Number of protein chains: 2
Amino acid sequence: MLRRFVSNNQVGKVVAANVAKSFTKHQTQTLALKSWSTLNAKRTYASKQPPRLTSETYSYVKRDAKYKQLTPTDVEAFKTIIGSKGSIITDEVPSDLDFYNEDWMRKYKGQSKLVLKPTTTEQVSEIVKYCNQENLALVPQGGNTGLVGGSVPVFDEIILSVANLNKIRSFDNISGILKCDAGVILETADTYIKENGNYIFPLDLGAKGSCHVGGVVATNAGGLRLLRYGSLHGSVLGLEVVLPNGEIMNSMHALRKDNTGYDLKQLFIGSEGTIGIITGVSILCPPRPNAFNVSFLGVESYEMVQKVFQKAKNELGEVLSAFEFMDNKSLKLTKSHISSPEPLEGEHPFYVLIETSGSNAEHDSAKLETFLESSFENELILDGTVSSNESEFKNLWSWREMIPESSAVGGGVYKYDVSLPLKDLYSLVEAVNERLEAAGLSSDTDASTSVISAIGYGHVGDGNLHLNVAVRTYSKEVEKCLEPFVYEFVSSKNGSISAEHGLGFQKKNYIAYSKSEQEVKMIKQLKNIYDPKGIFNPYKYV
Amino acid sequence: MLRRFVSNNQVGKVVAANVAKSFTKHQTQTLALKSWSTLNAKRTYASKQPPRLTSETYSYVKRDAKYKQLTPTDVEAFKTIIGSKGSIITDEVPSDLDFYNEDWMRKYKGQSKLVLKPTTTEQVSEIVKYCNQENLALVPQGGNTGLVGGSVPVFDEIILSVANLNKIRSFDNISGILKCDAGVILETADTYIKENGNYIFPLDLGAKGSCHVGGVVATNAGGLRLLRYGSLHGSVLGLEVVLPNGEIMNSMHALRKDNTGYDLKQLFIGSEGTIGIITGVSILCPPRPNAFNVSFLGVESYEMVQKVFQKAKNELGEVLSAFEFMDNKSLKLTKSHISSPEPLEGEHPFYVLIETSGSNAEHDSAKLETFLESSFENELILDGTVSSNESEFKNLWSWREMIPESSAVGGGVYKYDVSLPLKDLYSLVEAVNERLEAAGLSSDTDASTSVISAIGYGHVGDGNLHLNVAVRTYSKEVEKCLEPFVYEFVSSKNGSISAEHGLGFQKKNYIAYSKSEQEVKMIKQLKNIYDPKGIFNPYKYV
């Protein structure tokens with residue numbers, strides 16, 4: 001059956017959104033995701049339920065007695081180091097600490113009584129030296145947008161927020177190399193380099209209005225454009241890091257090539273604050289594309305999704321900048337969040353969002369048009385639409401970007417972020433749904449069950465699936481049904497149990513599903529070398 | 001003065017070399033660079049002079065008595081491990097060892113009496129365990145094409161060649177992920193993935209017909225297309241490594257995203273065999289472009305080279321795959337090697353080679369044409385030519401690729417491979433020429449001077465300059481004039497004294513010009529942790 005392109009936006013026509021320098025997609029993205037706001041007062045959460053203390057939910061984890069409890073003398077010492085009153089938050093007004101103690105998911109809540117917000121790297125160093133000497137545990141914190149409980153304390157660890165390290169240090173608009181403090185908000189950095197030379201930050205994610213540059217490096221965030229710009233291991237050129245003994249590793253190099261010794265900075269990319277606090281980042285930024293297009297497609301099966309991906313890789317080549325997919329249930333849940341018209345008229349088992357970005361709007365549109373027409377003629381896609389202006393562009397993206405929040409509105413959500421070989425990517429979602437249904441735990445309609453549904457979406461281009469189990473209430477029974485099943489499944493396919501969210505508190509005990517005994521041994525060895533007292537981000541990672 | 005495009009190949013016309021799958025540039029590259037051949041018998045060298053023993057040239061370096069001298073018992077033990085006779089080369093016929101003891105530059109010659117060529121990772125592990133136990137030093141060796149003396153012994157270290165670990169393990173033509181043994185020749189890997197899915201290896205360099213995949217990873221090679229595909233820290237997904245204690249670190253992951261623990265493999269990328277022997281590599285390969293264009297331009301000054309680069313980055317964007325430059329002297333030296341017609345009729349102070357590669361020949365050509373026409377009209381370039389077929393494409397590239405060999409034909413060459421901020425890149429060449437001339441050591445015409453000339457060329461796109469000092473004879477006086485001057489100059493600009501060639505033996509003592517005391521301390525700490533007995537590649541790196 002051959003059909004022409006039919007949608008409520010376009011009929012058989014592909015028009016480029018050539019928005020050049022005035023392009024402001026990111027701004028709107030952030031508005032849509034305003035719950036990620038850094039403003040404490042306005043912060044909303046993924047779940048309506050206030051979080052229980054981590055120490056209660058996971059009562060088998062005990063506070064390690066080797067860590068000293070905070071004393072007034074310690075607080076005075078920190079005041080001496082930091083100086084300014086505004087940089088220290090104590091428990092005088094306990095609710096002032098909530099933003100720092102609670103994660104956005106509301107799954108974890110620590111009991112820290114002290115937040116330190118130093119304004120210089122030297123202050124960070126002095127704080128760490130003091131903590132090391134006094135055996136005070138601390139948790140480095142960026143924008144606190146993490147999803148695995150890595151950026152909040154488990155017990156009474158001191159929180160060291162880098163939010164006040166927020167200066168752009170330099171930007172070279174010939175080479176595209178940005179140097180900035182760790183606490184610069186991702187979107188601020190992106191806007192700065194856009195306005196000073198038309199560059200783009202090589203990473204984009206939903207939380208960009210709140211998350212920090214240092215935080216995305218510390219957690220090796222992936223995001224929406226890894227397909228095009230690669231991982232941070234390739235684009236980060238240098239780091240400034242305060243080590244657990246308080247020494248400052250100044251590796252703020254700004255060279256694309258430097259083969260003089262082991263590439264130390266790599267150890268800290270994705271180390272989640274366990275062996276160093278990143279205070280500065282040097283990163284290579286690519287030129288900002290002049291033209292962006294986005295296309296939203298309806299697809300018959302996951303097999304077809306793979307075929308469309310293969311074809312897109314070959315035919316769109318260097319202008320392909322995102323290839324996202326979502327299942328029917330993901331789209332349905334998202335409806336509750338979005339008032340604008342649905343991208344396609346009919347329902348389809350799967351949806352694909354393809355973004356192209358390049359230096360020439362006409363060429364990009366021609367490539368996309370040819371690709372879409374032949375995909376349609378070859379019956380790889382059932383229906384599709386293409387953005388013809390900036391507003392449509394944003395609307396199409398919002399259907400993908402609102403899924404994480406949408407999946408939590410029914411009560412809560414269990415989130416799994418895994419890497420799998422492409423062919424096996426969706427089978428995990430099917431297996432989990434079958435398992436939950438067989439156990440009588442899941443129903444779209446029966447409100448007496450804990451689970452609404454398991455949905456799947458993510459970055460096909462990176463082999464990265466987000467499995468979200470939307471629930472009415474969190475329950476031990478559901479957890480037991482999901483874990484370790486999900487991890488075992490991923491392990492059996494040689495996947496990763498954490499593609500981009502990291503280990504944090506949530507996955508500390510599951511690393512062996514993705515790493516060999518030898519690797520785990522080497523990881524622990526490094527932790528012990530750099531942080532023999534274990535004062536950095538304890539109870540997590542390894 | 002406005003001039004039209006004039007050259008002996010093309011007049012004002014840009015034609016794409018759309019050579020798609022039949023594209024065989026690399027094949028010819030290798031023929032041109034046949035001196036890199038792996039075949040021992042046919043190997044030629046950069047210098048005509050046979051090398052002196054490293055221990056004589058650098059007599060201040062002494063053999064460390066802690067290493068045991070090889071005994072017949074040891075040789076027997078290795079025979080038991082490896083089995084096959086063909087995998088062991090002893091000093092029965094001393095010249096059989098020459099290929100392995102001498103580097104291609106002929107600057108270094110070791111005195112090893114034993115070459116081991118295991119065929120499995122387990123054999124490598126057993127050999128290393130034995131060496132560790134017996135305090136026998138060893139040098140891991142790939143294709144032995146390195147330029148800093150890193151892959152040959154200094155004294156009597158055993159050579160462990162991975163040449164017989166040469167199997168492609170798997171290739172997934174949906175994801176583009178290749179898994180292979182370390183000893184697979186780079187060109188073999190590239191051809192394999194081209195024929196099995198039309199992919200391209202994300203790295204290309206002159207020595208590709210001889211160098212190994214494991215070797216390029218161990219030395220973090222950069223090469224000609226880093227501008228497009230990024231560094232190996234981004235594209236390598238997994239490694240299999242034998243550690244100095246003989247343990248095998250199996251990290252042969254094949255996932256684009258995996259955030260479970262410190263990214264251990266990164267430590268071994270660029271470690272030059274000092275903390276591990278890479279035996280297997282998993283790497284992400286991009287789709288092979290369908291169309292390639294190359295343009296060769298004459299430019300008035302280095303300042304203009306930078307302007308052309310900036311413009312190319314903005315206008316060619318995602319299809320720009322190489323931006324190389326060379327000075328007038330580089331081109332003149334190359335004439336001695338190349339019989340085909342010169343790219344441009346007149347002489348120019350600088351030359352630029354631009355390569356585009358993309359998925360659509362017509363689009364690429366249109367972009368390049370527009371770019372060249374406006375560059376010409378804006379007087380950024382003086383003259384230029386564009387390849388209109390495969391043969392011209394190869395010819396233009398050969399003018400860039402033959403420079404390294406050409407600079408050695410007069411007798412020898414001192415090679416410096418440095419990173420510098422773009423604006424300072426060429427000033428090093430000028431400073432060195434002034435210095436050599438002032439010392440009366442250099443003359444193009446006066447054959448009584450040691451130095452012919454200092455030339456500059458390299459990867460502008462990566463901030464990577466190759467400074468080659470072409471000499472009639474090597475001399476201590478010239479060396480003293482060059483070093484530490486070159487390193488001091490680079491350090492004063494916050495550059496790197498080794499952009500892509502590594503430290504090896506040559507730059508072991510100069511790391512402090514590019515790395516802070518703190519970094520050097522951390523690098524040495526890692527060396528001591530993984531190789532406390534120092535048996536891997538001693539006298540080098542740190």
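1. Let me start with a backbone detail in chain A. A:Asn144 sits in the loop between strand E3 (138-141) and strand E4 (158-161) of chain A. A:Asn144 is not a glycine, yet its phi is positive, at about 55 degrees. Please keep in mind that this is a predicted model, so the angle is a computed value for a predicted loop.

2. Which residues does the cis peptide bond of chain A join? The partners are A:Glu483 and A:Pro484, with omega at about 5 degrees. A:Pro484 belongs to the loop between helix H17 (476-482) and H18 of chain A. In chain B, a cis peptide bond links B:Glu483 and B:Pro484, with omega again about 5 degrees. B:Pro484 is in the loop between helix H17 (476-482) and helix H18 (485-492) of chain B.

3. Now a word on the annotation. UniProt, in an unreviewed entry, lists residues 108-288 of chain A as "domain: FAD-binding PCMH-type". In this model, that stretch of chain A is 23% helix and 22% strand. The C-alpha atoms at its two ends are 38 Å apart.

4. How are the two chains related? A turn of 180 degrees, with a shift of 0.0 Å along the axis, lays chain B on chain A with an RMSD of 0.0 Å. This is the relation of a two-fold axis. B:Gly234 is the residue of chain B that comes closest to the rotation axis, with its C-alpha at 2.0 Å. Of the interface residues of chain B, 99% are also interface residues in chain A, so the copies meet through the same surface.

5. On to the extent of that surface. Chain B brings 89 residues to the contact and chain A brings 88 residues. Between them, about 6,700 Å² is buried, and carbon and sulfur atoms give 54% of that area. Three residues deserve your attention here: B:Lys257, B:Asn259 and B:Tyr262 supply 16% of the area that chain B buries against chain A, more than any other three residues.

6. The polar side of the interface is worth a look too. There are 55 residue pairs in polar contact between chain B and chain A, counting pairs with both residues at pLDDT 80 or more. Which elements of chain B give two or more residues to the side that touches chain A? They are helix H8 (226-229), helix H9 (232-235), strand E8 (248-251), helix H10 (265-268), helix H11 (302-316), helix H13 (361-377) and helix H19 (517-530). H19(B) has the largest share, with 10 residues. Sorted by class, the side of chain B that touches chain A holds 29 nonpolar, 42 polar and 18 charged residues.

7. Finally, the salt bridges. The structure holds 57 over all chains, and 8 salt bridges cross the interface of chain B and chain A. One pairs the side chains of A:Glu500 and B:Lys257, at 2.9 Å from N to O. A:Glu500 lies in the loop between helix H18 (485-492) and helix H19 (517-530) of chain A, while B:Lys257 is in the loop between E8 and H10 of chain B, so the pair joins two chains. B:Lys257 is also one of the three residues named above for their share of the buried area. In chain A, A:Lys257 forms a salt bridge with B:Asp462, where the N to O distance is 3.1 Å.

Note on methods
Residues numbered from 1 in each chain as written. Chains lettered and ligands numbered in written order. Predicted model: local features only at pLDDT ≥ 70, side-chain atom pairs only at ≥ 80, totals over all residues. Heavy atoms only, no water. Contact = heavy atoms within 4.5 Å. Buried area = accessible area lost by both parts, 1.4 Å probe. Salt bridge = Lys/Arg side-chain N within 4 Å of Asp/Glu carboxyl O. Polar contact = N/O pair within 3.5 Å; in protein donor to acceptor, adjacent residues only side chain to side chain. Helix = DSSP H or I, 4+ residues; strand = E, 2+ residues; numbered from the N terminus. Nonpolar A, V, L, I, M, F, W, Y, C, P; charged D, E, K, R; others polar. Least-squares fit on C-alpha atoms with pLDDT ≥ 70 in both. UniProt positions renumbered as here; feature names shortened; annotations may be inferred.
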